[in-house]
Amino acid sequence: MDVLDLARLQFAVTGSLHFLFVVLTLGLAPLVAIMHTRYARTGSTLDERATRFWGQIYVTNYALGIVTGIVMEFQFGLSWSGLTHYAGDVFGAPLALETLIAFFLESTFLGLWIFGWHRLPTWLHLATIWLVTITAYASAFWIMVANSFLQHPAGSVRDGEVLRLDDFGALLTNPSLSMALPHVLSAGLTVGGFVVMSASAYHLFRRTPDQELFSRSLRMGIWTSFAGTMMVVGFGFAQFGPVTSVQPDKFADRPLAAFGLGMMILIGHLLQLIALALVIVVKWAPRWRFLHPLIVLVTPLPFIAAILGWIAREEGRQPWMIWERLKVADAITPGLTGGQITLSFVGFVGVLTLLAVADYVLIVRVVRRGAHEVALGENPAPAPALTF
Amino acid sequence: MDILWFGVLALLLIGYFVLEGFDLGVGLLLPVTADRDRAIGAIGPFVLANEVWLIAVAGVLFGAFPACENVLSANYEAVVLLLVSWVVRDAGLWFRRRLFTRAFWEWAIALASLGVCLAWGLLLAGLGGFSVPFGLLYGLLIAALFVLHGRRFLDWRLTGGGSPLVTGALAAVPALVPLVGTAGAVVANAAPSANLTVLTFMVLPFVPVLAGAQIWVWRAFGKGPVPAYF
């Protein structure tokens with residue numbers, strides 16, 4: 001493989017790893033916030049345990065979302081300086097806004113939420129998880145603005161050798177963005193719904209304690225994945241109009257993009273069917289034990305569909321970095337050596353893959369351990385008694 | 001407008017050195033710290049709010065000074081070292097109580113904190129065209145200042161010692177020197193003023209929220225029992 005292939009593969013692998021964690025973050029954040037709202041209202045132990053259990057899964061998942069995101073952001077500067085050179089005046093704006101008015105706040109509020117148990121007043125503590133949710137969605141918005149610019153360079157004009165920002169509003173109303181953003185957000189809800197459903201089904205099947213907690217969250221997961229799959233499929237098909245208006249041959253003559261698209265649609269419909277069937281029997285689902293292993297079994301599917309979706313979107317842009325403006329091959333950092341790209345490939349792909357595996361091991365462990373042994377929001381150890 | 005945004009860039013980078021400085025200093029001190037749970041508990045609630053300053057630096061660099069962003073590719077190896085070390089340090093904090101043994105992750109945090117300091121030395125020295133050995137020495141100086149700052153922070157947070165403001169100012173000096181040295185070149189490479197106007201309009205309403213959130217972290221976790229999540 002040459003330097004260009006390695007740089008592309010590095011971006012694809014780190015980007016996919018990043019999204020595997022991000023998509024669950026986007027789906028779980030509102031669910032944890034809703035559970036926390038219930039707890040703030042009722043003060044019941046059941047609601048508290050639910051919030052802390054799902055919150056612990058959320059936070060464990062978030063750890064890898066951050067570290068993969070760090071690498072994503074800097075990779076533009078490291079390996080793709082041709083993109084910044086050509087279109088930095090346009091592409092840089094949404095990235096800057098994402099870091100300043102979305103992620104900066106998200107990270108700060110998440111720290112307040114994690115460490116604020118038993119310390120912040122109830123309603124302020126609750127506010128932090130809602131702020132985390134809002135800023136996570138804002139983050140998704142700005143990243144999708146940046147990505148949509150690559151699909152269709154709206155709001156920019158050619159000025160000699162480079163692109164200049166011409167109309168900031170057009171950047172935000174890009175046809176490549178309008179339906180893709182809700183598609184991504186509802187993919188998050190789908191993933192979140194299926195994960196909540198599956199972890200609950202595991203506990204119901206094993207007849208562990210907390211049957212009531214997991215019966216409730218199973219129903220919540222079913223309703224969420226029902227809403228999620230309906231929207232994700234709806235917005236998915238709604239995308240074809242606007243996207244093909246600016247990228248008419250996106251899926252023609254691009255076999256990998258077409259494959260990603262086809263498989264994603266197939267899995268999407270399957271998930272939709274599963275969610276529809278489950279929502280019909282939602283009342284009895286917690287007691288129907290035969291259902292539970294099946295629910296656990298389908299958990300990987302929404303994650304796979306999410307990655308296939310990105311393969312369709314990004315492969316469908318090739319060979320362009322910016323559609324019909326800048327080729328990927330011309331966007332790579334000039335003079336990037338084989339040694340450099342190998343070094344960063346081993347460093348980023350190697351380390352992040354190991355950490356991702358470790359993080360999934362941890363998430364599975366948190367799920368199996370159940371809601372009675374959760375580190376997040378544990379009561380602080382009582383101060384040692386003074387002895388004289 | 002370009003000077004304003006250079007000010008933002010400088011403030012964020014200095015803020016990163018002051019704030020992450022004590023996190024990294026405490027990380028470097030772990031091998032010689034007796035009560036590591038309390039030391040990590042002391043920095044724990046601050047880490048997420050501190051490290052994000054550097055992510056904001058990168059954001060401002062992309063948005064307001066895209067032409068300067070080649071400093072990253074020009075110092076490729078240093079940036080890779082910085083990122084890998086940063087990632088390992090964070091993983092150490094998240095995983096320490098949960099995976100393998102604590103000692104493994106504590107050593108990982110210490111070594112990764114050193115890696116971040118050395119990477120900064122190489123990167124900042126690289127901006128001025130200095131050699132690799134000089135960069136490594138500069139990195140060791142940064143590490144020493146961070147250790148000082150980290151000790152002061154622990155003293156303040158855990159035993160009620162004086163505030164770490166002075167050591168914080170010292171920790172910022174290694175970032176201040178190259179900022180002063182490159183100020184003219186950076187400002188000259190600012191994005192067109194139309195871009196900066198858009199960014200200013202978008203960010204300005206959030207400045208009180210950004211500042212408020214950071215202050216809230218200090219008010220909430222500056223005193224009281226040490227939490228035990230990390």
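Modeller: Before we start, a helix here is a DSSP run of H or I with at least four residues, and a strand is a run of E with at least two. Also keep in mind that this is a predicted model.

Biologist: Thanks! So how many helices and strands does chain B have?

Modeller: Chain B comes to nine helices and zero strands.

Biologist: And in what order do the elements of chain B run from the N terminus?

Modeller: They go α-α-α-α-α-α-α-α-α. As for overall form, the radius of gyration of chain B is 18 Å, close to the 17 Å that the globule rule gives for 230 residues, so chain B is as compact as a globular protein of that length.

Biologist: What box do its C-alpha atoms fill?

Modeller: Along the principal axes, the C-alpha atoms of chain B fill a box of roughly 50 × 40 × 35 Å.

Biologist: How much of chain B counts as buried?

Modeller: Of its 230 residues, 58% count as buried. The accessible surface of chain B is about 8,800 Å², and carbon and sulfur atoms account for 74% of that.

Biologist: What about contacts in chain B between residues at least 6 apart in sequence: what share joins residues at least 24 apart?

Modeller: That share is 78%.

Biologist: Let's talk cysteines. How many disulfides does the structure hold?

Modeller: Zero, counted over all chains.

Biologist: Is B:C68 buried or exposed? And B:C117?

Modeller: B:C68 has a relative accessible area of 8%, so it is buried, the cut-off being under 20%. B:C117 also counts as buried, because its relative accessibility is 0%.

Biologist: Over to chain A. Which residues form a nonpolar patch on the surface?

Modeller: A:W284, A:W288, A:F290, A:L294 and A:L297 form that patch, and together they have about 560 Å² of accessible area.

Biologist: Where is A:L297 found, by the way?

Modeller: A:L297 is in helix α10 of chain A, which covers residues 291-297. With a relative accessible area of 67%, A:L297 is exposed, because exposed means over 50%.

Biologist: Now A:T133. Where is its place, and is it buried or exposed?

Modeller: A:T133 belongs to helix α4 of chain A, residues 122-151. A:T133 is buried, with a relative accessible area of 6%.

Biologist: Which residues does A:T133 touch, leaving out those up to four places away in sequence?

Modeller: A:T133 touches A:A29, A:P30 and A:A33.

Biologist: Any backbone oddities? Which peptide bond is cis?

Modeller: The peptide bond from A:Q318 to A:P319 is cis, with omega near 0°. A:P319 sits in the loop between α11 (300-315) and β3 (320-322) of chain A.

Biologist: And what is phi like at A:H118?

Modeller: A:H118 is not a glycine, yet its phi is positive, at about 60°. The place of A:H118 is the loop between α3 (81-115) and α4 of chain A. A:H118 counts as partly exposed, because its relative accessibility is 41%.

Biologist: What about phi of A:D253?

Modeller: Phi of A:D253 is near 60°, again a positive value in a residue other than glycine. You'll find A:D253 in the loop between α8 (211-246) and α9 (255-280) of chain A.

Biologist: Is A:D253 buried or exposed?

Modeller: A:D253 is exposed, with a relative accessible area of 75%.

Definitions and conventions: Residues numbered from 1 in each chain as written. Chains lettered and ligands numbered in written order. Predicted model: local features only at pLDDT ≥ 70, side-chain atom pairs only at ≥ 80, totals over all residues. Heavy atoms only, no water. Patch = residues over 30% accessible without salt bridge, like charges linked within 9 Å, V, L, I, M, F, W, Y side chains within 5 Å. Areas by Shrake-Rupley, 256 points an atom, 1.4 Å probe, with all protein chains shown as cover. Salt bridge = Lys/Arg side-chain N within 4 Å of Asp/Glu carboxyl O. Buried < 20%, exposed > 50% of the residue type's maximum accessible area, 1.4 Å probe, protein only. Disulfide = S-S within 2.5 Å. Contact = heavy atoms within 4.5 Å. Rg over C-alpha atoms; globule rule 2.2 N^0.38 Å.
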